[in-house]
Amino acid sequence: MPKPKVAVLRPDDTRIDEAVCYLQSLEVSPIADPMLSICPTGQAPQQAEYCIFTSPTGVKFAEKQGWHQDGTTVCAVGHQTATALRNCGYSVDVIPSTFTSTGLVEELADEVEGNTVEIARSAHGSDVLIRGLKEAGASVHETHLYRLKRPDTAGQSVKLAVDGELDGILFTSPKTVEHFFEIATERDALSSLQSELEETVIGAIGAPTERAVRRHGGSVDIIPARADFRRLAKDAVNHIREIQQ
């Protein structure tokens, strides 16, 4: 039996290389098709009483720009972001029990009134944090540490999916979903893609990514219990093998 073909759409940095190696270790044929390029803005977080980080990528750029904690209460949306902060020498004071913007707003709602809050993240975040924290009485500022662009090379996985040649696709952020379906629309292949995806195992790393897939007319088969790429890949590959038996 030929190895399953699984598309991975991680950013075009070390993450795509690591993803390919891991998929190879699972005895599948990875189709590397990065859907994101990360472009730093060169900005650093402003000083505030609270500073919120939503991704390890944001942490990396904040450290590179020389941001100092200086007594700021640091909040991380999720354990991966918290780990990145600690690895850069920052302490982490708040991690919401639900790893979402809504979960963090609920965690902070009773303590931020009258305080300044800095949100350090990409230029593509939703307004859930800003709106919720302002409603809780905080003075909120947002700094865009990086932007996400679609690489010119992206699209191989879309063609394979339309041709029915993929066994699985791993989506790791809402933006990867957006770019994937955007390419299909530009190629006038959206309806064909949506039809073929019914026979393809779709993995989404978390609820926001799952919602993005559904918004574009797809359905999600696998959401790992933990927002972790290896867990996502392993669960999806196991599901593919169950179907093929």
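The legends below describe close-up views of a predicted model.

**View 1. The annotated domain, residues 18-232.** The UniProt annotation, from an unreviewed entry, reads "domain: Tetrapyrrole biosynthesis uroporphyrinogen III synthase" and covers residues 18-232. Within this span, 39% is helix and 20% is strand. The C-alpha atoms at the two ends of residues 18-232 are 14 Å apart.

**View 2. An open sheet of 5 strands.** The strand order is β3-β7-β6-β4-β5, and the pairing is mixed. The edges are taken by β3 (37-40) and β5 (73-76), each of which has a single partner strand, so one side of each is left without a neighbour in the sheet. On average, neighbouring strands of this sheet are turned by 25° against each other, direction ignored.

**View 3. Pairing of β3 with β7.** Edge strand β3 pairs with strand β7 (residues 139-149) in the antiparallel sense. The pairing extends over 4 bridges. Pro40 has Tyr146 as its bridge partner in β7.

**View 4. Helix α2 against the sheet strands.** Helix α2 comprises residues 56-64 and lies across β3, β4 (50-53) and β7. Relative to β7, the helix runs at about 100°. Two of the strands it crosses, β3 and β7, are paired with each other.

**View 5. The aromatic pair Phe53 and Trp67.** The model has 5 aromatic pairs. One of them joins Phe53 and Trp67 in an edge-to-face arrangement, with 5.4 Å centre to centre and 70° between the planes. The pair links distant parts of the chain, 14 residues apart: Phe53 belongs to strand β4, whereas Trp67 sits in the loop between α2 and β5. Phe53 has 0% relative accessibility and therefore counts as buried. Trp67, at 4% relative accessibility, also counts as buried, because buried means under 20% relative accessible area.

**View 6. The aromatic pair Phe171 and Phe180.** The rings of Phe171 and Phe180 form an edge-to-face pair. Their centres are 5.3 Å apart, and the angle between the planes is 85°. Both Phe171 and Phe180 are buried.

**View 7. The aromatic cluster of Phe53, Trp67 and Tyr90.** Ring pairs link Phe53, Trp67 and Tyr90 into a cluster. The edge-to-face pair of View 5, between Phe53 and Trp67, lies within this cluster. Through Phe53, the cluster includes a residue of strand β4, one of the strands that helix α2 lies across. Trp67 brings in the loop between α2 and β5, and β5 stands at an edge of the sheet.

Methods
Residues are numbered from 1 along each chain as its sequence is written. This is a predicted model: local features need pLDDT of at least 70, side-chain atom pairs count only at pLDDT 80 or more; totals for chains, interfaces and linings use all residues. Side-chain values use heavy atoms; hydrogens and water are left out. UniProt positions are given in the numbering used here, feature names are shortened, and annotations may be inferred rather than shown by experiment. Two strands pair if DSSP finds at least two bridges between them. Axes are lines fitted to C-alpha atoms, for helices over the stretch in contact, and angles run from 0 to 180 degrees between N-to-C directions. Contact means heavy atoms within 4.5 Å. Rings of Phe, Tyr and Trp (its six-membered ring) pair if their centres lie within 6.5 Å; planes under 30 degrees apart count as stacked, over 60 as edge-to-face and the rest as tilted. Buried means under 20% relative accessible area, exposed over 50%, partly exposed in between (1.4 Å probe, protein chains only).
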